[in-house]
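Hi,

Here is the structure I promised to pass on to you. Please open it next to this email, and then read on for what turned up in it.

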Amino acid sequence: MLIRSDRRGFTHRLTSEITPRGVYENRRQWLQGLAAGAAGAAMAGWPARDAQAQTARPGKLPPLPGSLSKVAGAVTMEKLTGYADVSSYNNFYEFGTDKDDPARHAAQMKTSPWTVEIEGLVNKPGRYAIEDLLKLSPMEERVYRLRCVEAWSMVIPWVGYSLSELIRRVEPQGSARYIEFVTLADREQMPGVRSRVIDWPYTEGLRMDEAMHPLTLLAFGMYGEVLPNQNGAPVRVVVPWKYGFKSAKSIVKIRFVEQEPRTAWNKAAANEYGFYSNVNPDVRHPRWSQATERRIGEDGLFDKKRKTLLFNGYEVQVGQLYAGMDLRKNY
Ligand SMILES: Nc1nc2c(c(=O)[nH]1)N[C@H]1C(S)=C(S)[C@@H](COP(=O)(O)O)O[C@H]1N2
Ligand SMILES: [Mo]
């Protein structure tokens, strides 16, 4: 994202700040084996288990396994980004604007007890304890690309279930057309909240059909473990076809509303960040192209870049949500 450098303007954090990292685990074979169905079952012997063992959860946090999701498009075969990068190169402005700030400062955030308040246009509003949310639906593992507006991307095995499961339980009323996420903003625990980069709390929003889409994930874990704080513990959303900032972390409130909600980045710079924020190589950010991206962990000597795909590659699954809409206007 960009940060406000002074009262007059913004400074963009350069992607060149990314440091090269080592070689990463590759569960491709294992995932392909599973995806192959009957063949996958046959592969449940030693080779598959061996591949899985090499990429087992990092083991630092409590386990949170999920069965591989059957939702269409929920698993990419691309090579996973290493856990070390995913948990140390973060945007979480509540802990600071540098990529390593969240990993350095988020450990102090208390994630238990934790509740998520459901309010607005629903028949079953209330405060839901994180323990109850964890039990609400079976956990799935989904391997999604996450593409930041800063033109880098990662491939992460998330653990959670479709946000639609929660939405259905709380029974939205007919007038609920949008959903707003409000995240924790606690000065005591989050040093970044003292700065004015964002009008805290960080909020995000989705149209109801986007929120109900099976790919929209309510995530509690990654790599078979509960989320590390810097990645949005204890609960966040992951909306894989939108720029990363739509995936709100450490959610404390979900509001069902009639009007399109304001969002944190739209408030900070309306000409740069719209409500939809669908990944779109053809729509430039006003100050840089969005046509290519760098996969974190693959930035080596030759600074490989890959082409960014419309809807981050999830067009088949989500394209129809935007039929008839001008995506240049509705960015
Ligand atoms: N509460 C909160 N959520 C947030 C952010 C933030 O600053 N605060 N940053 C967003 C941005 S810009 C990105 S790219 C993703 C990064 O998620 P990750 O650190 O798990 O990769 O989180 C998003 N969610
Ligand atoms: Mo981002």
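The largest cavity is the space taken by ligand 1. Please keep in mind that this is a predicted model, with values computed from its atoms.

So what surrounds the ligand? Ligand 1 has 18 residues around it, and the closest of them are Asn90, Tyr93, Glu94, Arg236 and Lys249. If you sort this shell by residue type, you get nine nonpolar, six polar and three charged residues.

Next, have a look at some individual atom pairs. Two side chains reach oxygen atoms of the ligand: a polar side-chain atom of Arg236 is 2.6 Å from an oxygen atom of ligand 1, and a polar side-chain atom of Lys249 also lies 2.6 Å from an oxygen atom of ligand 1. With Ser247 it is the backbone that matters here: one of its backbone N or O atoms lies 2.8 Å from a nitrogen atom of ligand 1. As for how much of the ligand is covered, on its own ligand 1 has 530 Å² of accessible area, and the protein covers 99% of that.

Now for another spot, Val316. You will find this residue in helix 10, which spans residues 315–318. Is Val316 buried or exposed? Val316 counts as exposed because its relative accessibility is 73%, and the cut-off for exposed is over 50%. Try finding Ala72 as well: Val316 and Ala72 are 244 residues apart in sequence, yet their C-alpha atoms are 9.5 Å apart in space.

Have fun exploring!

Best wishes

Conventions. Residues numbered from 1 in each chain as written. Chains lettered and ligands numbered in written order. Predicted model: local features only at pLDDT ≥ 70, side-chain atom pairs only at ≥ 80, totals over all residues. Heavy atoms only, no water. Near = heavy atom within 4 Å. Polar contact = N/O pair within 3.5 Å; in protein donor to acceptor, adjacent residues only side chain to side chain. Areas by Shrake-Rupley, 256 points an atom, 1.4 Å probe, with all protein chains shown as cover. 1 Å grid on protein atoms, 1.4 Å probe; cavity = no way out; pocket = protein on both sides within 12 Å on 5 of 7 lines; lining within 4 Å. Sits in = over half its atoms within 2 Å of the grid points. Nonpolar A, V, L, I, M, F, W, Y, C, P; charged D, E, K, R; others polar. Helix = DSSP H or I, 4+ residues; strand = E, 2+ residues; numbered from the N terminus. Buried < 20%, exposed > 50% of the residue type's maximum accessible area, 1.4 Å probe, protein only.
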